[in-house]
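This report describes the secondary structure, the packing and the pockets of one protein chain. The sequence and the structure come first, and the description follows.

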Amino acid sequence: KAGALHPLTLIDWRLDEIFRSMGFYVLDYPEVDTEYFNFEGLNIPADHPARDMQDTFWLTDGRLLRTHTSAGQVRAMREFKPPFKAIFPGRVFRYESTDASHDHTFHQVEGLFVTKKVSVEHLIASMKTLLSEVFGREVTVRLRPGYFPFVEPGVQMDVQCATCAGTGRFKDEQGERRCPVCKGTKWVEV
């Protein structure tokens, strides 16, 4: 064959399929956006730490390259009446130095669930379903506190390490040693 789909395209399609199966809308909004949708409409005022000028690519007409897919939340809440749930996959852009774990362009998927009586349990169940589908096996997850300048309170999700089955130890031809993936912690950040 002459070519194949890019791995990012394949995972993007798979994530869309999984979220649609859970009843989420998959919404796509502009990559070039206004200050209102990217910041103000999300309650991120001009003096907020998440608005550091070094993090944003500003265009000469005053618009910007979106720094997160959160900009879709404001549009979705205007477009749909509750209850609804949606994800916003897409490319985002940050004015950052590139290194092994940072780039100026990356892909993000964000979700929004608007209804009465929704809880963190719904978040955990949705994420556990997503990760189990992606990895093709049942996964164990945990939430832990996390700091993000634009969310309070913030949490991060970890999945139990599949390489060591959550033991922190790994056996190979060199014998038993600390797991090289989780480094003995038993968990991997997702």
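The buried residues of α3 pack against β2 (32-33), α2 (35-38), β4 and β5. Helix α3 covers residues 71-79, and its buried residues are Ala71, Gly72, Gln73, Val74, Arg75 and Ala76. The model is a predicted one.

**The sheet with β4**

Two of the strands packed against α3, β4 and β5, are also members of a sheet. This open sheet has 3 strands in the order β1-β4-β5, and its pairing is mixed. Its edge strands are β1 (25-26) and β5 (105-114), each of which pairs on one side only. Helix α1, residues 7-21, packs on this sheet and touches β1, β4 and β5. The direction of α1 makes about 165° with that of β4. Between β4 (residues 84-93) and β5 the pairing is antiparallel, with 10 bridges. Within this pair, Ile87 has Gly111 of β5 as its bridge partner.

**The sheet with β7**

A further open sheet, also of 3 strands, follows the order β6-β7-β10 with antiparallel pairing. Here the edge strands are β6 (141-145) and β10 (187-189), and each pairs on one side only. From one strand to the next, the twist averages 40°. Strands β7 and β10 run antiparallel and are joined by 3 bridges. In this pairing, Gln160 stands opposite Trp187 of β10. Helix α4 packs on the sheet through contacts with β6 and β7, and its direction makes about 130° with that of β6.

**Two residues of α4**

Helix α4 spans residues 120-135. Ser132 belongs to α4. Is Ser132 buried or exposed? Ser132 counts as buried because its relative accessible area is 13%, and the cut-off for buried is under 20%. Leaving aside residues up to four places away in sequence, Ser132 touches Arg137, Glu138 and Val139.

Thr129 is also located in helix α4. Its relative accessibility is 35%, so Thr129 counts as partly exposed; that class lies between the limits of 20% and 50%. Thr129 and Phe19 are 110 residues apart in sequence, while their C-alpha atoms are 9.2 Å apart in space.

**The hairpin**

Strands β8 (residues 169-172) and β9 (residues 175-178) pair in the antiparallel sense over 4 bridges. A hairpin of 2 residues joins β8 to β9. Across this pair, Phe170 stands opposite Arg177 of β9, and Arg169 stands opposite Arg178 of β9.

**Pockets**

How much space lies in the largest pocket? The volume is about 2,400 Å³. The lining of this pocket consists of 48 residues, and the closest to the pocket centre are Gln108, Val109, Glu110, Gly111 and Met127. Gly111, named here, is also the bridge partner of Ile87. Which elements supply at least two residues each to the lining of the largest pocket? They are α1, β4, β5, α4 and β7 (155-160). Among these elements, α1 packs on the sheet of β1, β4 and β5, and α4 packs on the sheet that holds β6 and β7.

The second largest pocket has a volume of about 160 Å³. Its lining is made up of Phe39, Pro49, Ala50, Asp55, Thr56, Thr67, His68, Arg94, Glu96, Pro149 and Phe150.

The table gives the class make-up of both linings.

| Pocket | Nonpolar | Polar | Charged |
|---|---|---|---|
| Largest pocket | 29 residues | 13 residues | 6 residues |
| Second largest pocket | 5 residues | 3 residues | 3 residues |

Technical notes
Residues are numbered from 1 along each chain as its sequence is written. This is a predicted model: local features need pLDDT of at least 70, side-chain atom pairs count only at pLDDT 80 or more; totals for chains, interfaces and linings use all residues. Side-chain values use heavy atoms; hydrogens and water are left out. Two strands pair if DSSP finds at least two bridges between them. Contact means heavy atoms within 4.5 Å. Axes are lines fitted to C-alpha atoms, for helices over the stretch in contact, and angles run from 0 to 180 degrees between N-to-C directions. On a 1 Å grid over the protein atoms alone, a cavity is a set of points where a 1.4 Å probe fits but cannot get out, and a pocket is an open set with protein on both sides within 12 Å along at least five of seven lines; lining residues have an atom within 4 Å of a point. Grid points are joined across faces, edges and corners, and a volume is the space filled by probe spheres set on the points. Ala, Val, Leu, Ile, Met, Phe, Trp, Tyr, Cys and Pro count as nonpolar, Asp, Glu, Lys and Arg as charged, and the others, Gly among them, as polar. Buried means under 20% relative accessible area, exposed over 50%, partly exposed in between (1.4 Å probe, protein chains only).
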